[in-house]
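Colleague: Could you take one part of this model and go through it slowly with me? I'd like the close-up first, and then whatever else helps to place it.

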Amino acid sequence: MTSPVRVRFAPSPTGYLHVGSAHSALANWLFARRVGGEFLLRIEDTDAERNRPELVDNILEMLRWLGLDWDGEPIRQSDRGELHLAAVETLVAAHAVYACDCTAEDVQARNKAAGGKPGYDGFCRDRGLEPGPGRALRFRVPDEGRTGWDDLVRGEMSFANADLEDFVVVRGNGKPLFLLANAYDDADMGITHVIRGEDHLNNTPKYLLLQDALGLTRPEAFAHMPLLVNEQRKKLSKRRDDVSMASYRDAGYLPEAMVNYLALLGWGPPDGIEVRPVSEIVDLYRLEDVNPSPAFFDPKKLSFVNAEHLRALSTDEFLARAEPFLTRGVPSMEALRVLATEAQERVRTLTEVEPMVDFLVVDEPEVDEDSWTKAITKGKQVPEMLDASITRLDALAADAWTAEVVQEAIGAAAIDAGLVNAEGKPQLSKAQGPVRVALTGRTVGLPLWESIAVLGRDRTLARLRSTRGRLG
RNA sequence: GCCCCCAUCGUCCAGCGGCCUAGGACGCCUCCCUUUCAAGGAGGUAACACGGGUUCGAAUCCCGUUGGGGGUGCCA
């Protein structure tokens with residue numbers, strides 16, 4: 001009987017949660033949820049210099065937003081200092097580490113003299129220095145043999161010990177380093193599968209050697225996830241790529257769409273259906289099926305996936321999600337509901353809802369210059385069309401103001417204005433241009449008749465007259 | 001430099017020795033539908049990096065080359 005699965009996401013609060021870390025977190029979460037294991041959170045905040053506590057809040061907030069719920073309380077690595085120190089004692093007692101007082105400059109100078117090879121040269125290995133202030137502790141890496149592991153994504157992996165340098169485990173100030181804290185905590189917390197980014201691949205043999213030296217149980221397996229890269233094929237970096245999760249949330253992306261898209265990076269469902277509920281992805285996702293090559297984070301496809309999820313929402317749900325993005329005012333729910341399904345079909349992000357419905361809440365529509373040029377300045381029979389529209393619509397009773405009636409009126413106006421085709425039918429395509437710009441300020445938007453119906457008789461006529469007035 | 005990883009359309013994924021004249025998706029292009037824009041429908045564009053093996057047979061296995069990336073901290 002194998003032990004129950006337990007995985008962890010171990011972010012370091014040195015930056016906001018970005019799509020790359022979220023991708024790793026997701027792989028952990030999907031794995032744990034499918035097999036009924038535990039998904040733990042461990043904040044790796046041992047570097048006091050670079051830690052920003054407020055970033056922990058951001059990381060937790062974004063994980064919650066994505067729906068990647070974790071089990072138990074987040075563990076702070078900084079609370080585990082004593083355990084790490086005890087582990088250091090074990091290493092010292094076992095002679096697995098030795099003291100070293102070389103400075104980085106010393107090492108570099110010797111390397112230069114020796115032919116320019118970077119890395120530690122083992123200078124202090126046999127000097128028998130006593131551990132003490134200012135002296136780092138280095139791990140005595142075996143000269144021979146290989147250290148390997150089972151990698152769910154990449155198969156059997158192994159490194160020659162001879163290629164590993166004697167890495168530092170404890171700083172000169174007595175503070176244990178990431179490698180030690182990480183390897184120790186994973187074992188101590190009973191982590192069975194270590195799922196992380198490929199950038200940790202080179203750390204893994206050191207990690208394993210450390211656990212061996214401490215007499216700890218190694219994880220059953222690892223999974224080194226493909227890196228997410230930008231269009232230059234470089235690892236996504238928070239510095240140059242603006243990939244913070246919060247910025248996507250604020251740009252109107254749905255968390256389920258983000259999760260869906262992230263899952264598609266390095267993996268594809270067996271039935272080829274890419275856009276689907278997260279619950280289905282939980283059932284289908286397999287680390288064994290993850291493609292090990294780096295994947296480009298494609299905003300265009302994210303956009304498509306988001307649009308699909310947006311359309312799958314019920315009207316009420318769509319409105320609820322869109323509401324926080326209506327910063328210029330929220331039209332009445334009755335008004336919104338009429339246009340909601342139309343808007344839902346057209347937007348790719350929630351931020352795109354506002355420009356489609358803001359004509360309902362502003363006093364005067366903001367006129368888009370290009371739209372004005374296109375439909376008014378360069379339009380045909382514009383004054384005639386506006387005049388005819390005003391006449392026809394003004395003739396309608398307020399209680400007969402429906403999309404159907406409005407459509408008929410505009411059609412009649414088009415005929416009045418001479419906008420007819422060979423068969424004498426109104427050219428609605430041309431006729432609606434000036435009217436749309438007069439009412440919404442733009443040439444593109446939601447279906448006009450419905451928009452007019454919702455805008456109401458008074459405002460519609462007022463805007464048409466105002467625009468007609470501008471033409472002189 | 002050294003170590004390591006990766007290598008199928010522009011992008012993501014499928015393919016795990018014959019079903020491949022390589023499939024799906026995004027993007028892009030054309031057409032249809034149409035009150036604008038979308039959505040939808042129908043088409044189209046486009047890839048196995050290269051060279052050696054292994055095999056009756058290779059996109060699939062092995063080796064090399066090339067290319068890309070990651071690591072190489074008393075950061076995580």
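Modeller: What follows starts at the RNA and then moves on to a few helices and loops.

Some ground rules first: this is a predicted model, where local features need pLDDT of at least 70, side-chain atom pairs count only at pLDDT 80 or more, and totals for chains, interfaces and linings use all residues. Residues are numbered from 1 along each chain as its sequence is written, chains are lettered from A and ligands numbered from 1 in the order in which they are written, and side-chain values use heavy atoms, with hydrogens and water left out.

So, the RNA. There are 61 residues around RNA strand B, and D47, R171, R233, K234 and R346 come nearest; a residue is near the strand if one of its heavy atoms lies within 4 Å of it. By class, that surface has 23 nonpolar, 14 polar and 24 charged residues. Here Ala, Val, Leu, Ile, Met, Phe, Trp, Tyr, Cys and Pro count as nonpolar, Asp, Glu, Lys and Arg as charged, and the others, Gly among them, as polar.

Seen from the RNA side, sugar or phosphate accounts for 68% of the strand B atoms within 4 Å of the protein, and bases for the rest. Three polar contacts (pairs of N or O atoms within 3.5 Å) are worth pulling up. A polar backbone atom of C102 is 3.0 Å from a base nitrogen of RNA strand B. K301 puts a polar side-chain atom 3.3 Å from a sugar or linking oxygen of the strand, and for E198 an N or O atom in the side chain is 3.5 Å from a sugar or linking oxygen.

Which helix gives the most to this surface? That's α11, with five residues. Elements that supply at least two residues each include β5 (136–139), β7 (155–160), α13 (333–346) and α18 (428–440). Helices (H or I, at least four residues) and strands (E, at least two) are DSSP runs, numbered from the N terminus.

Now follow α18 across to α16 (residues 382–394). The buried residues of α16 pack against α18, and also against α15 (369–377), α17 (403–416) and α20 (457–471), with contact meaning heavy atoms within 4.5 Å. V382, M385, L386, A388, S389, I390 and L393 are the buried ones; buried is under 20% relative accessible area, exposed over 50%, partly exposed in between (1.4 Å probe, protein chains only). α16 has 13 residues and reaches 18 Å from first C-alpha to last, close to the 18 Å expected, the expected span being 1.5 Å times one less than the number of residues.

In the loop between α15 and α16 sits Q381. Q381 has a positive phi of about 55 degrees although it is not a glycine, and at 36% relative accessibility it counts as partly exposed. D242 also has a positive phi, near 45 degrees; D242 lies in the loop between α7 (238–241) and α8 (245–250) and counts as exposed at 53%.

That α8 also helps to cover the buried residues of α2, together with others including α1 (19–35) and α9 (255–263). Among those buried residues of α2 are L55, V56, N58 and I59. Just after α2, G67 takes a positive phi of about 85 degrees.

Methods. A polar contact is a pair of N or O atoms within 3.5 Å; within protein, one must be able to donate a hydrogen and the other to accept it, and residues adjacent in sequence count only if both atoms are side-chain atoms.
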